[in-house]
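Please look at the sequence and the structure shown here before reading on. The report that follows moves from single residues to the chain as a whole.

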Amino acid sequence: MSRRAGSAGHSTLAFVESPVQLLNVLEWAHAHAPGAGLTLVVLSPTDPMTRGQLRRMAELAREEGHEVRWEEARGGPAAPFQTIGGLTGRLRRAERVVLGDPFSRYVQLLLTITKARDLVVVDDGTATMEFVAQLASGERLVRWHRKGGRPGARDLLFAPVSSSARRRLTPSDRRNVEIFSSMPMEQTPPGVTVHANDFAWTRFRFGPPRITKGADMVGTSLVETGVVDGDRYLEAVQNLAKAHGATRYFAHRRESTAKLHRLAAETGLEIVRPDLPLELIARRGPVGRTILSFPSTVVHTLPLALAGTEVRVAVCDIDPAWLTDNASPRAQGFLSGVTGTARDVTRLPMVSAV
């Protein structure tokens, strides 16, 4: 499966902070730079689950002929300065920069250094939908679950860098901007080129999977981000699993250990902590004939990764009563939009959680 890294490919630098971002860089390379290796820079987070999945994805990237540079970008007070200092030369020489998360302060800071003519934003799930909408309307770049709140001291301090990053992500005579995504977009910023991510590399590299008779459930980190109440979420999972005969729960990498222990104890579900993004896990199999999910990136990506199989992806909306008092005023509308724009999925009635 490995390819010889072409010299032209190494004028491309890609920055990722999550396994899904790395997966989508591989999808972009498969679609737009076949046969050429690129340099993947992993700005490693501190979360053990995310780090573990990133290590496994880095192995796959090397097998595909890409160079991987692992940066302990958050390894202490001096780490950001060491990381940025070590990357400055390559950033200034790079002809193309591929980004996994335009909301990342780390990435925004790196954008102020690069002179690359071509910038590519690869799929980062639902965040991509929000990024495109904000870029089109000229808004400041803010993650959807934080939007509506007052900017904190760190936000105000970082505002000049964020504004500079947004300007650099706006197409001009000196800069081309591409978005590579599987997510639907209501607005496309003027001058931005959009290419569809259809998970061709995933389908080429893995599967088709063995399909079991039962149902699997996909976890979400909406509790951890403060959007959904923990007790309401547990009741909803329990009711949804019972209604559809689910036996396994694929945990999101950001779900807390305490929450997952409680889920296992009170629902009887087998908790699975995947070592790769769910698109690859499902494609490798075994996987249930039905995959249950709440509003999430996977309701858009799994139908693509599992195209040609008999697996059905079913999505259940979030009841407004489950939202916390601290949830962004936009939360319900955004989550409904994630579900409503999904293609090739089955819409389930909202489950009660009282």
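## Two unusual backbone angles

Asp 344 sits in the loop between α12 (331-340) and β13 (346-348), where helices (H or I, at least four residues) and strands (E, at least two) are DSSP runs, numbered from the N terminus. The model is a predicted one, in which local features need pLDDT of at least 70, side-chain atom pairs count only at pLDDT 80 or more, and totals for chains, interfaces and linings use all residues. Residues are numbered from 1 along each chain as its sequence is written, and side-chain values use heavy atoms, with hydrogens and water left out.

Although Asp 344 is not a glycine, its phi is positive, at about 60°. Phe 199, which is likewise not a glycine, also has a positive phi of about 60°, and this residue is found in the loop between β7 (193-196) and α7. Are these two residues buried or exposed? Asp 344 is exposed because its relative accessible area is 70%, while Phe 199 is buried, with a relative accessible area of 1%. Here buried means under 20% relative accessible area, exposed means over 50%, and partly exposed lies in between (1.4 Å probe, protein chains only).

## Two cis peptide bonds

The backbone also holds cis peptide bonds that lead into a proline, and the table sets out two of them, one from Gly 207 to Pro 208 and one joining Gly 285 and Pro 286.

| Cis bond | Omega | Place of the proline |
|---|---|---|
| Gly 207 to Pro 208 | near 5° | loop between α7 (200-205) and β8 (211-218) |
| Gly 285 to Pro 286 | about -5° | loop between α10 (278-284) and β11 (287-293) |

## Helix α1 and a residue of α8

Helix α1 (residues 19-32) has 14 residues, and from its first C-alpha to its last it reaches 20 Å, close to the 20 Å expected at 1.5 Å a residue; the expected span is 1.5 Å times one less than the number of residues in the helix. Because 10 of its 14 residues are buried, α1 is largely enclosed by the rest of the structure. Among the buried residues of α1 are Pro 19, Leu 22, Val 25 and Trp 28.

Ala 241 has its place in helix α8 (residues 230-244), and at 7% relative accessibility Ala 241 counts as buried. Which residues does Ala 241 touch, leaving aside its neighbours within four places in sequence? Ala 241 is in contact with Met 217, Ala 246 and Leu 269, where contact means heavy atoms within 4.5 Å. From Ala 241 to Thr 88 there are 153 residues in sequence and 50 Å in space, C-alpha to C-alpha.

## The chain as a whole

In the protein chain there are 12 helices and 13 strands, and of its 354 residues 53% count as buried. Its C-alpha atoms fill a box of roughly 55 × 50 × 40 Å, taken along the principal axes. A compact globule with 354 residues would have a radius of gyration near 20 Å, and the protein chain, with 20 Å, agrees with this; the radius is taken over C-alpha atoms, and the globule rule is 2.2 Å times the number of residues to the power 0.38. Of the contacts in the protein chain with a separation of 6 or more, 72% are between residues 24 or more positions apart.
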